[in-house]
Amino acid sequence: MKKTLLAVPFAFAACFAATAQAEPTDLGGGFSLSGNAAIVSDYRFRGYSQTDFRPAVQLGFDLTHSSGFYLGNWNSNVSDFVFTDGNLEMDFYGGWKGDVGGGFTLDAGVLHYYYPGSSSPKGGNYNNTDLYLGASYGNYSLKYSYTPSDFFSTPDSKGTWYLDGTANFDLGDGWGLVGHLGYQKLKNQTNMDGDSIGHYVDYKVGVTKDLKGWILGLAAVGATKDNWLPTKYGHPSGRLGAVFSVARSF
């Protein structure tokens with residue numbers, strides 16, 4: 001792990017629970033503010049643990065405008081083994097999301113990951129910027145993310161990209177079902193055995209339960225090539241595991 005230190009933090013919207021849609025606070029002028037908070041038993045991003053299989057506390061805020069433009073911030077604790085000398089992830093994002101007709105919604109923007117106090121292989125703090133374009137229709141969504149620079153401060157990793165699809169279903173009486181598949185394309189990476197790894201697929205299947213705005217979630221999550229990154233004690237951090245979450249919007 002210390003050899004490559006290719007850290008892969010989780011995107012702002014992907015704690016393993018569907019957060020309830022609380023009514024945003026109207027700020028006037030077409031602006032509104034909302035927040036979300038979650039506790040997860042393991043913070044996974046694209047199949048891989050970011051907390052060494054330990055719990056995480058996560059908090060985010062979104063400022064939106066009636067035109068469809070938005071800005072946001074999302075935060076989580078991470079392991080200082082994954083991000084040397086760092087224990088906090090801060091995500092900043094902005095973009096536009098809106099209905100484009102025919103039941104389709106588009107979402108385009110920029111997401112920047114930042115880890116204050118960390119020490120990356122390139123010097124300075126770990127960071128990464130993704131450009132993303134997503135589309136949703138009914139219960140289904142598809143999103144493409146592209147990294148134009150070195151992927152999470154890992155040398156010679158430019159051009160990494162990720163494609164993921166998600167489906168959510170309302171089962172009634174507060175129950176929900178969620179499924180996810182993602183394809184991660186990598187550049188110049190090796191696994192725990194020193195073998196080259198150019199891609200992998202991550203997956204998630206889970207259920208949620210809405211208890212008066214508190215969303216409980218339980219999901220099975222992992223990656224097909226689980227030994228890309230190890231944990232502190234040498235275990236594959238992408239191995240299949242169960243993730244429990246409690247989340248709420250406000």
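The legends below describe close-up views of a predicted model.

**View 1. A nonpolar patch lies on the surface.** The patch covers about 840 Å². Its residues are Tyr140, Phe169, Leu171, Trp175, Leu177, Val205, Val207, Leu218 and Phe244. At least two residues of the patch come from each of strand S11 (161–172), strand S12 (175–190) and strand S13 (196–211). Phe169 belongs to strand S11. With a relative accessible area of 31%, Phe169 is partly exposed.

**View 2. Tyr43 and Trp74 form an aromatic pair.** The structure contains 16 aromatic pairs. In the pair of Tyr43 and Trp74, the ring centres are 5.7 Å apart and the planes meet at 65°, an edge-to-face arrangement. The pair connects distant parts of the chain, 31 residues apart: Tyr43 is in the loop between strand S2 (31–40) and strand S3 (44–45), whereas Trp74 is in strand S6 (residues 69–77). Tyr43 is buried, at 1% relative accessibility, and Trp74 is also buried, with a relative accessible area of 1%.

**View 3. Phe151 and Phe152 pair edge-to-face.** Their ring centres lie 4.7 Å apart; the pair is edge-to-face because the planes stand at 70°, and the cut-off for this class is over 60 degrees. Phe151 is buried at 0% relative accessibility, and Phe152 is likewise buried at 0%. Together with Phe45 and Tyr113, Phe151 and Phe152 make up one aromatic cluster.

**View 4. Charged side chains sit over the rings of Tyr162 and Tyr132.** Arg46 is placed over the face of Tyr162, 4.0 Å from the ring centre. Over the ring of Tyr132 sits the charged end of Lys143, at 4.4 Å from the centre of that ring.

Methods. Residues are numbered from 1 along each chain as its sequence is written. This is a predicted model: local features need pLDDT of at least 70, side-chain atom pairs count only at pLDDT 80 or more; totals for chains, interfaces and linings use all residues. Side-chain values use heavy atoms; hydrogens and water are left out. Patches are made of residues with over 30% relative accessible area and no salt bridge: like charges are joined within 9 Å, nonpolar side chains (Val, Leu, Ile, Met, Phe, Trp, Tyr) within 5 Å. Accessible areas come from the Shrake-Rupley method with a 1.4 Å probe; for residues, only the protein chains shown count as cover. A salt bridge is a side-chain nitrogen of Lys or Arg within 4 Å of a carboxyl oxygen of Asp or Glu. Helices (H or I, at least four residues) and strands (E, at least two) are DSSP runs, numbered from the N terminus. Buried means under 20% relative accessible area, exposed over 50%, partly exposed in between (1.4 Å probe, protein chains only). Rings of Phe, Tyr and Trp (its six-membered ring) pair if their centres lie within 6.5 Å; planes under 30 degrees apart count as stacked, over 60 as edge-to-face and the rest as tilted. A charge sits over a ring if NZ of Lys or CZ of Arg is within 6 Å of the ring centre and within 35 degrees of the ring normal.
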